[in-house]
Amino acid sequence: MPVNDLQSRAAALRWFHTIDLGGGVVTNGIVDTAYRLARLDLPASLEGLTVLDIGAWDGFFSFECERRGAARVVAADYYSWHGPGWGTKAAFQLAREALGSAVEDVDIDVMDLSPERLGTFDVVLFLGVLYHLRHPLLALERVSSVTRDQLILETVIDMVGFRRPALAFYPDRELNDDPTNWWGPNVPAVRGMLTSVGFQQVRTATEVPGALHRAARAVYHRLRRRNTVAAAFRQDRAVFHAAKRSATFQARPRPGTAAGSG
Ligand SMILES: C[S@@+](CC[C@H](N)C(=O)[O-])C[C@H]1O[C@@H](n2cnc3c(N)ncnc32)[C@H](O)[C@@H]1O
């Protein structure tokens, strides 16, 4: 596709992901995908593996898995492709075309995932979706049912510092003024849920900042009017790696802290 055409077609779309489409064309995404990718601790090689990206949106992480050698990648979504007020699938489709990608797409809600419908995958990505779901434990059961081995989960966390497994409930717009956000689990809750749906090993791949760091960040957020002090203090984002086969990875905490809160 001529670069000028690509440039104008990309500019006409609304992008969630920042994606380098080649020829100097980079999409005007609203999330810093490079920063988010660095935090994922995605294996450098996915050679020969099958990958399912649940809630793929524009597909940045699906394309990245393909780039890392995955034999087959399926991008699954529904809301951001067809849901009212979310957007369309056009950005994903343009990115796939521009990148010459063979990533497959399937329109499906998390709650409809099943091995009968989709098969199972070596690696499943479940990034930025959990807190959007009304029934997170049930959703994780569905996610587990299509995961042959490894799940990489990224989510908002809340009630940071509270040691018992707990989830904050957002019946209205409490999280980021977004009515599609429902639950913010804390780290013990995510770990407990993953174990309860069949993952033998779970490790937290991001470090949750200590109280002093969170307090300083909360003050910064207040000054920038980005979030309330209380929310910025107790909320963060975290990445978890879960595996069904114990040999998949060694438990190794990885440094790195989140800048945003929810
Ligand atoms: C915050 S975006 C995250 C997009 C991408 N995974 C990432 O990490 O950049 C949330 C995604 O979850 C999807 N989503 C929300 N509810 C869903 C559901 N019930 N089933 C499937 N996808 C859902 C949305 O369509 C959207 O693509």
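A polar contact is a pair of N or O atoms within 3.5 Å. Keep that in mind for the views below, which come from a predicted model.

**View 1. The ligand and the residues that come nearest.** Here we look at the ligand, which has 19 residues around it. H17, R36, G55, D77 and L127 are the ones that come nearest. The side chain of H17 has an N or O atom 2.6 Å from an oxygen atom of the ligand. With G55 it's the backbone that takes part: one of its N or O atoms sits 2.6 Å from a ligand nitrogen. L127 also uses a backbone N or O atom, 2.7 Å from a nitrogen of the ligand. On its own the ligand has 590 Å² of accessible area, and the protein covers 95% of that. As for the make-up of the shell, 11 of its residues are nonpolar, five are polar and three are charged.

**View 2. Helix α3, mostly covered.** This helix runs over residues 60-67, and six of its eight residues are buried. The buried ones are F60, F61, S62, F63, E64 and C65. What do the buried residues of α3 pack against? Two helices, α2 (33-40) and α5 (90-99), are in that set, along with strands β3 (50-54), β4 (72-77) and β6 (121-127). After α3 comes G69, which has a positive phi, near 100°.

**View 3. Helix α5 and its cover.** Now for one of the partners of α3. In α5 the buried residues are A91, F92, L94, A95 and R96. Their cover includes the helices α1 (3-11), α3 and α4 (79-82). Strands β1 (20-22), β4 and β5 (104-107) are also part of that cover. Just after α5 sits G100, with a positive phi of about 60°.

**View 4. D122, a buried residue with polar contacts.** D122 is found in strand β6. Is D122 buried or exposed? Its relative accessible area is 13%, so D122 counts as buried; the cut-off for buried is under 20%. A polar atom of the D122 side chain lies 2.8 Å from the backbone nitrogen of T50. The D122 side chain also makes a polar contact of 2.9 Å with the side chain of R148. Setting aside neighbours within four places in sequence, D122 is in contact with G48, L49, T50, R148, D149 and Q150.

**View 5. A238 in strand β11.** The strand spans residues 236-243, and A238 is part of it. A238 has 0% relative accessibility, so it counts as buried. What does A238 touch, not counting residues up to four places away in sequence? The answer is R39, L153, E154, T155, I157 and T206. For a sense of scale, A238 and E104 are 134 residues apart in sequence and 27 Å apart in space, C-alpha to C-alpha.

**View 6. Stepping back to the chain.** To place the close-ups, the chain has 10 helices and 11 strands. Its radius of gyration is 18 Å, close to the 18 Å from the globule rule for 262 residues, so the chain is as compact as a globular protein of that length. Along the principal axes, the C-alpha atoms fill a box of roughly 55 × 45 × 35 Å. Of the 262 residues, 50% count as buried. Among contacts between residues at least 6 apart in sequence, 67% join residues at least 24 apart. The accessible surface of the chain is about 12,400 Å², and carbon and sulfur atoms account for 53% of it.

Technical notes
Residues numbered from 1 in each chain as written. Predicted model: local features only at pLDDT ≥ 70, side-chain atom pairs only at ≥ 80, totals over all residues. Heavy atoms only, no water. Near = heavy atom within 4 Å. Polar contact = N/O pair within 3.5 Å; in protein donor to acceptor, adjacent residues only side chain to side chain. Areas by Shrake-Rupley, 256 points an atom, 1.4 Å probe, with all protein chains shown as cover. Nonpolar A, V, L, I, M, F, W, Y, C, P; charged D, E, K, R; others polar. Buried < 20%, exposed > 50% of the residue type's maximum accessible area, 1.4 Å probe, protein only. Helix = DSSP H or I, 4+ residues; strand = E, 2+ residues; numbered from the N terminus. Contact = heavy atoms within 4.5 Å. Rg over C-alpha atoms; globule rule 2.2 N^0.38 Å.
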